[in-house]
Structure formats: structure tokens, C-alpha cells
Amino acid sequence: MASIFTKIISGEIPCYKVAETEDYLAFLDINPNAKGHTLCIPKAEVDKIFDLEEVAFHGLMAFSRQVAIAVEKAVPCKRVGMTVIGLEVPHAHVHLIPLNTMEDARFINKTKLDREEFEAIAARIASFL
């Protein structure tokens, strides 16, 4: 069965797209830790990040770096943190989280945004790519 991320890639489920290449997609997390929390995924459905082929793994990291640089320019923060957990969706993904405190990196305090805020921040991040 296709993961929710595969359904986002195919267009079955909408997303707030930040960046896209032939092999990777970045979009805003709809349940963000902080404004600008972005997910970077390979388009190939692979459950565990370390199961990616080496070229795909390095490609995802390079893509995530580019997106993180744009996030840091677009969102006021001290830095952009990166985490890979992978338990909630069986599709390899990288979380890029704008951080101002260590609490921003925890997955217990969530930020609520409306559609217009999601659209605005996605467009702002994309403008720096």
C-alpha cells in the first residue's frame, strides 16, 4: 500500500510544496514543531533512510541542505535543525525544523497555522531556492 508521502508525490493528497526535483520533494509539515518545519523526501518509496541506495541517500542529504539554507533565510530562527526519526510514516524523510530553543526540536509542542500561513511560508522558502 502506498504511503501518505507517495500519495503526496502522485498528487492524490495536496501539500504545501517548497521544492521539487526529479528525485526529491520538500513540503511543509502539516503538524509542525515550528513555523517553516519542512519535510524532505525521496520520490522512491523506501521505508528506512539507511535502506536508500548510497547515491539516493547522498542526493537526499544534498537536497535537504539546499532546502535548509532556504528555510533559514525565510524563517527567523537561530538555526535549522535536522532530524530523521521515520517511525510515523514508512517512507524515508528528513525533518528540517527552524530552531530558537531546544524545545522546538521536540515533537510534543506543535504550532498551529492556517492555510494562508502555510501558503505564505511555503512561497517564502521557495523564493530562496
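A nonpolar core is understood here as a set of buried Ala, Val, Leu, Ile, Met, Phe, Trp, Tyr and Cys residues joined through side-chain atoms within 4.5 Å. In the structure described below, which is a predicted model, the largest nonpolar core comprises 26 residues, of which V18, C40, V67 and I125 touch the most other members. The elements that contribute two or more residues to this core are strand 1 (17-20), strand 2, helix 2 (54-74), strand 5 (94-99) and helix 3 (115-127), and the greatest contribution is that of helix 2, with 7 residues. Apart from this core lies another, of 7 residues, among them F5, L25, I41 and V89. In soluble globular proteins, nonpolar side chains tend to be buried together.

The surroundings of I125 give a more detailed view of the larger core. When residues up to four places away in sequence are not counted, I125 touches V18, L28, G36, T38, A70, V71 and A74. V18 is, like I125, one of the core members that touch the most others, while L28 belongs to strand 2 and is buried there, and T38 is a buried residue of strand 3.

The strands through which these contacts pass are joined in antiparallel fashion. Strand 1 and strand 2 run antiparallel and are joined by 3 bridges, and a hairpin of 3 residues leads from the one strand to the other. Within this pairing, K17 has F27 of strand 2 as its bridge partner. Strand 2 is also joined to strand 3 (residues 38-42), again in the antiparallel sense, by 5 bridges; in this pairing L28 is matched with T38 of strand 3, and Y24 stands opposite P42. Strand 3 in turn pairs with strand 5, where 3 antiparallel bridges are found, and C40 stands opposite V94 of strand 5.

Strand 2 and strand 3 were examined for burial along their length. Because 5 of the 5 residues of strand 2 are buried, strand 2 is largely enclosed by the rest of the structure. Its two faces are both covered, with Y24, A26 and L28 buried on one side and L25 and F27 buried on the other. Strand 3 is likewise mostly covered, 5 of its 5 residues being buried; T38, C40 and P42 point one way from this strand, whereas L39 and I41 point the other way. In a regular strand the side chains alternate between the two faces of the sheet.

Individual positions in helix 2 differ in their exposure. S64, which lies in helix 2, has a relative accessibility of 2% and therefore counts as buried, the limit for that class being under 20%. Leaving aside neighbours within four places in sequence, S64 is in contact with C40, V94 and L96, and two of these residues, C40 and V94, stand opposite each other in the pairing of strand 3 with strand 5. A56 is also found in helix 2, but with a relative accessible area of 23% A56 is partly exposed. Although A56 and D23 are 33 residues apart in sequence, their C-alpha atoms are 8.3 Å apart in space.

The largest pocket of the model has a volume of about 310 Å³. Its lining is made up of 19 residues, and those closest to the centre of the pocket are F5, D29, I30, N31 and L39. Two elements, helix 1 (4-10) and strand 2 (24-28), give two or more residues to this lining, and helix 1 gives the most, with 3 residues. By class, the lining consists of 12 nonpolar, 4 polar and 3 charged residues.

Residues close to the pocket centre also appear in other parts of this description. F5 is among the members of the 7-residue core, and L39 is a buried residue of strand 3. I30, by contrast, is found in the loop between strand 2 and strand 3, and at 67% relative accessibility I30 counts as exposed. The C-alpha atoms of I30 and Y16 are separated by 8.4 Å, the two residues being 14 residues apart along the chain.

Terms used:
Residues numbered from 1 in each chain as written. Predicted model: local features only at pLDDT ≥ 70, side-chain atom pairs only at ≥ 80, totals over all residues. Heavy atoms only, no water. 1 Å grid on protein atoms, 1.4 Å probe; cavity = no way out; pocket = protein on both sides within 12 Å on 5 of 7 lines; lining within 4 Å. Points joined across faces, edges and corners; volume = space filled by probe spheres on them. Helix = DSSP H or I, 4+ residues; strand = E, 2+ residues; numbered from the N terminus. Nonpolar A, V, L, I, M, F, W, Y, C, P; charged D, E, K, R; others polar. Buried < 20%, exposed > 50% of the residue type's maximum accessible area, 1.4 Å probe, protein only. Contact = heavy atoms within 4.5 Å. Pairing = 2+ DSSP bridges.
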